[in-house]
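Me: Please go through the structure shown below with me, in questions and answers.

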2 protein chains.
Amino acid sequence: MYQYKYARPALTTDCVVFGLDQDDLKVLLIQRDIQPFEGKWALPGGFIQVGESIDDCARRELEEETGLHDIFLEQLYSYGQPDRDPREHVITVAYYALVNLIEHAPKAATDARNAAWFSLDDLPSLAFDHQTILETARQRLRGKVRYQPVGFELLPEKFTLTQLQKLYEIILEQKIDKRNFRKKVIKLGILIETDEVEQDVAHRAARLYQFDPAHYQQLEKQGINFEL
Amino acid sequence: MYQYKYARPALTTDCVVFGLDQDDLKVLLIQRDIQPFEGKWALPGGFIQVGESIDDCARRELEEETGLHDIFLEQLYSYGQPDRDPREHVITVAYYALVNLIEHAPKAATDARNAAWFSLDDLPSLAFDHQTILETARQRLRGKVRYQPVGFELLPEKFTLTQLQKLYEIILEQKIDKRNFRKKVIKLGILIETDEVEQDVAHRAARLYQFDPAHYQQLEKQGINFEL
DNA sequence: TCAAAAGTGTTCATCTTACACCCATGG
DNA sequence: CCATGGGTGTAAGATGAACACTTTTGA
């Protein structure tokens, strides 16, 4: 037992993990195995330990509950409405993560907890205020994409320009002109054209591209302007 | 005394209050009257109470320590490095606020605590990791100004276009062309030209403008694109 | 040979940038 | 009458938006 002079709220982290699955943006949820909201789907997360930084907590909980590690993770917002947890006052620091779902999907599924990817258009009802958190994360992603490159975290190592365009269309929720999109991303100078093409497609195979990590990181810092 | 099964970090809010004083962006600090860092300058803030939302805590502490209330306040970031407070693990949710310093300056100064405005170029050494928090707030403000109008919170009710331009120059830390700036802000459609002019200036008096609150709030939501 | 997606340029309108002089006022 | 900042327009270049057809490939 730990004693304090004044009452303290509990502190958790929760994480919204976005993954790209073909043409579909998905989010990773776990099914709760304890009260409250037992059996409901929720964002992965858990209590902060004393002596642990918030980032470390988010990463630890994510790995414990979903097996994901070494991924892009960024703080989103902190939520502290006293009634957001029916047990007591719990404050949560929310994060969001971006992963390449093809590489990370199996791990999540084989973990002890019941974890699964859900399409954003087909979400179950969520525990606590996790629906609100998810909505904020989605907005944040939509905002981020306008001033920073994001493809690196969500796409496989080699990808086609059409895949990259689909990613932007999904995040921004709007159609983009193919020619204008290509002109724009190529002018950013972060793409390296490989001499490989798609395999096993029933039509003309598209050329594969990679990101140039140095240029990519530079643009992450200095910012881009990617309007529609 | 309050008892918990597991150890809990303490939880605080801290607030970076920016105020515009003529041609100078300032920040409101308080001088600590208790250990640790007694006598050092710090951001206003304090412990979250159980049952109180984070926003409410930030507003309450701000009013208690500086007298400021009913101001623009937005969550910035949460800091939780275990060693950021020498006493124990304290997690803080940082906010930033924008105020019109001319209207708010006296209140802050007359409060019981020793509170004062400091120019950003002439800061004292700060307690805890408050220097880091302040730096992040400054960056955030610089980012915010590019996609949302900000003048309303920082300027007096009626202001000249030159004042507005100075504000942008201070936040963005760069010179802006007068004619291009005027074209740009006028095209935004959030300014109302009054039929008043500056008083008591030793040169031609500038016309005073106001913000159109409805258009302003609309642009806050839909976003603007204010590059340099 | 058909279906499906890849790949590719031009035009027009808009926006951005650079730039300099006269005006009104108070001291 | 002078010092100080207020106020104003244009031209050239860059950028953004709209738009359609040919090519490649596998089935």
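Me: Which residues of α3(B) are buried?
Reply: This is a predicted model, in which local features need pLDDT of at least 70, side-chain atom pairs count only at pLDDT 80 or more, and totals for chains, interfaces and linings use all residues. Residues are numbered from 1 along each chain as its sequence is written, chains are lettered from A and ligands numbered from 1 in the order in which they are written, and side-chain values use heavy atoms, with hydrogens and water left out. Helices (H or I, at least four residues) and strands (E, at least two) are DSSP runs, numbered from the N terminus, and buried means under 20% relative accessible area, exposed over 50%, partly exposed in between (1.4 Å probe, protein chains only). The buried residues of the helix are H130(B), I133(B), L134(B), A137(B), R138(B), L141(B), K144(B) and V145(B).

Me: How many degrees around the axis do the buried residues of α3(B) cover?
Reply: The arc is taken from the directions from the helix axis to the C-beta atoms. The buried residues lie on the same side of α3(B), because their arc is only 140 degrees.

Me: Which residue in strand β6 of chain B is tied to K144(B)?
Reply: A salt bridge is a side-chain nitrogen of Lys or Arg within 4 Å of a carboxyl oxygen of Asp or Glu. K144(B) is buried at a relative accessible area of 3%, and its side chain meets that of its partner at 3.3 Å, N to O. The pair therefore ties together helix α3 and strand β6 of chain B, parts that are 70 residues apart in sequence. The partner, partly exposed with a relative accessible area of 27%, is E74(B).

Me: What area is buried between chain A and chain B?
Reply: Contact means heavy atoms within 4.5 Å, and 32 residues of chain A are in contact with 32 residues of chain B. Buried area is the accessible area (1.4 Å probe) that two parts lose on being put together, summed over both. Carbon and sulfur atoms give 59% of the total, which is about 2900 Å².

Me: Which residue of chain A meets E88(B) in a salt bridge?
Reply: The rule finds two salt bridges across the interface of chain A and chain B. In the one with E88(B), N and O are 2.7 Å apart, and the partner is R8(A).

Me: Which residue does R84(A) meet in a salt bridge?
Reply: R84(A) is buried, with a relative accessible area of 9%, and its partner is also buried, at 17%. The two lie in loops of chain A, so the pair ties together parts that are 45 residues apart in sequence. At 2.8 Å, N to O, the partner is D129(A).
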